[in-house]
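Hi everyone, thanks for making time this morning. I'd like to walk you through a structure, so please have the sequence and the 3D view in front of you.

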Amino acid sequence: MNYPLEQVEELKTYCSKLLYFEEAGYPYFRMVGLRLPPGCSPAEIEALFCPVDRGDGYPSRLFFPEQVSTPYQRNWHVNVRLGERNWVAYSWKVALANRSLADGLLELLISLTRP
Amino acid sequence: MVTTLTLPKVNKMETQQNNQEASEPNNHEFADHGRKRFIVLVDDDRFDLDNPIVTGRELMKLVHKRPCRYALVQVFPYADDQFVEPDEKVDLTRPETDRFVTVQKETVVITVGGEPFEVKAGHHSVAQILGLVGENADAYDLLEEKDGPPMPIPPSQPIHIEGCEVFHTQVKSGGSS
C-alpha cells in the first residue's frame with residue numbers, strides 16, 4: 001500500500017526506527033522504540049501498527065510483543081503471529097475515519113491512558 | 001642596495017602604560033580588530049557582544065533559557081539586584097551593567113491549545129490544565145508536546161510544571177469494545 005510520504009515521516013517522530021511490511025495483504029508499520037504515554041511501562045517498546053481493518057471490525061490495531069503496564073486496565077484479548085513473531089493487542093475501536101497515520105496511532109496511544 | 005628600516009622611537013613609560021591599559025580593559029568594552037565588543041556575564045558564562053543595547057530575552061537566549069521559565073536578574077556590586085523584563089533594553093556601555101543571572105520563576109508560562117497561561121510552578125492535575133481553556137477531562141484528552149510529538153497524559157497523572165510546557169487538547173473519541 002502507498003501512504004503519503006509526509007504521513008510516514010510524521011509517524012517516524014513517535015519511534016526511533018520505522019519499518020514496513022505486508023502480510024496477508026494487510027500493511028504493518030513496525031515501530032522500534034515507540035514512545036508510550038506517561039504512566040505506561042515500559043516507556044519505550046517495539047510495536048506493530050496496522051492502520052486498516054484486518055477483517056475483525058477494528059479500524060486499526062496496535063500490537064505489542066507483550067502486555068504493557070497502563071494506568072488503567074485494558075482488555076488484552078488479541079494474540080496473533082505476525083512477521084514470524086507473537087504479538088498481543090488490546091481492544092480499542094478508533095471512532096474517527098480519514099485520519100492521518102500519526103493521528104490514528106495517537107488515538108491508540110491515548111486509549112492506553114483512558115480510565 | 002641597502003634598505004634602511006626606520007622604527008619609531010617609543011617612550012618606555014608610554015609603552016608600559018599602553019600595555020597596562022591593554023591588559024586591563026574597560027569592564028565591559030574592548031576592541032577586537034578595530035570593532036568595539038561588549039562583555040557580559042550571564043550565569044557565569046562570558047559572552048562578547050557586538051551591540052551594546054540588548055534585551056533581557058536576548059541575554060537569556062545566550063544561556064539557552066526562556067522567559068516562560070526563567071527571570072533575568074541584573075547584578076550590581078553596590079546596589080540591589082534588579083529584574084530585567086524580556087523586552088527591556090539594557091545599555092552595556094553604562095558602568096557596572098555586565099553581570100546577569102537567571103532564576104527559576106514561581107509563576108511560569110505554559111501554552112495550552114496555542115494560548116499562553118500563567119500558572120504556579122509545581123504539580124497540577126490534568127483537570128486543572130484543561131480547566132484553563134474551559135475544557136474538562138470527561139470530554140477532552142490532554143496531550144503534551146515534549147521532545148517529540150504530542151503524547152497523551154492519563155487523567156490521574158500529576159503534571160509537574162516548570163514553565164514553557166506545551167499542551168494540546170483533543171476531543172475524546174473511540175472506546176473499548
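Let me start with a question: which residues are buried in helix 2 of chain A? Before I answer, please keep in mind that this is a predicted model.

Here is the list: Leu101(A), Ala102(A), Gly104(A), Leu105(A), Leu106(A), Glu107(A), Leu109(A), Ile110(A) and Ser111(A). That makes nine of the 11 residues in helix 2 of chain A, so this helix is largely enclosed by the rest of the structure. And what does the covering? From chain A, the cover includes helix 1 (5–12) and strand 3 (44–50), and from chain B it includes strand 12 (140–145) and strand 13 (150–153).

Let's take the helix neighbour to begin with. The axes of helix 1 and helix 2 of chain A come within 8 Å and cross at roughly 35 degrees. On the helix 1 side of chain A, the contact is made by Gln7(A), Val8(A), Glu10(A) and Leu11(A), and on the helix 2 side by Leu101(A), Ala102(A) and Leu105(A). Sorted by class, that contact has five nonpolar residues, one polar and one charged.

Now for the core. In soluble globular proteins, nonpolar side chains tend to be buried together. The largest nonpolar core here has 41 residues, and those touching the most other members are Tyr14(A), Met31(A), Ala47(A), Leu48(A), Phe49(A), Leu105(A) and, from the other chain, Leu142(B). Helix 2 of chain A gives the most to this core, with six residues. If you zoom in on Leu105(A), you'll find that it touches Leu11(A), Tyr14(A) and Phe49(A), leaving aside residues up to four places away in sequence. There is also a second, separate core of 11 residues, which includes Val40(B), Met60(B), Leu72(B) and Val90(B).

On to the meeting of the two chains. Here, 21 residues of chain A are in contact with 15 residues of chain B. Our helix turns up again: helix 2 (residues 101–111) of chain A gives the most to the chain A side, with five residues. That side of chain A divides into 12 nonpolar, six polar and three charged residues.

Next, the sheet in chain A. Six strands form an open sheet in the order 1-2-3-4-6-5, with antiparallel pairing. Strand 1 (17–23) and strand 5 of chain A are the edge strands, each pairing on one side only. From one strand to the next, the twist averages 35 degrees.

At one edge, strand 1 of chain A is joined to strand 2 (residues 26–35) of chain A by seven bridges, running antiparallel. You can spot Tyr20(A) standing opposite Phe29(A) of strand 2 of chain A. At the other edge, strand 5 (residues 78–82) and strand 6 (residues 85–89) of chain A pair antiparallel over five bridges. Val80(A) has Trp87(A) as its bridge partner there. This hairpin has two residues between the strands, and Gly83(A) takes a positive phi near 60 degrees.

Finally, a look at chain B as a whole. Chain B has three helices and 15 strands, and 23% of its 177 residues count as buried. Chain B is divided into domain 1 (28–104) and domain 2 (107–171), and the C-alpha centres of these two domains lie 32 Å apart.

That's my tour, so over to you for questions!

Terms used: Residues numbered from 1 in each chain as written. Chains lettered and ligands numbered in written order. Predicted model: local features only at pLDDT ≥ 70, side-chain atom pairs only at ≥ 80, totals over all residues. Contact = placed C-beta atoms within 7 Å. Helix = DSSP H or I, 4+ residues; strand = E, 2+ residues; numbered from the N terminus. Nonpolar A, V, L, I, M, F, W, Y, C, P; charged D, E, K, R; others polar. Domains from an automatic or database assignment. Pairing = 2+ DSSP bridges. Buried ≥ 20, exposed ≤ 12 C-beta atoms within 10 Å, placed from the backbone. Axes fitted to C-alpha atoms, helices over the stretch in contact; angles between N-to-C directions. Core = buried A, V, L, I, M, F, W, Y, C linked by C-beta atoms within 7 Å.
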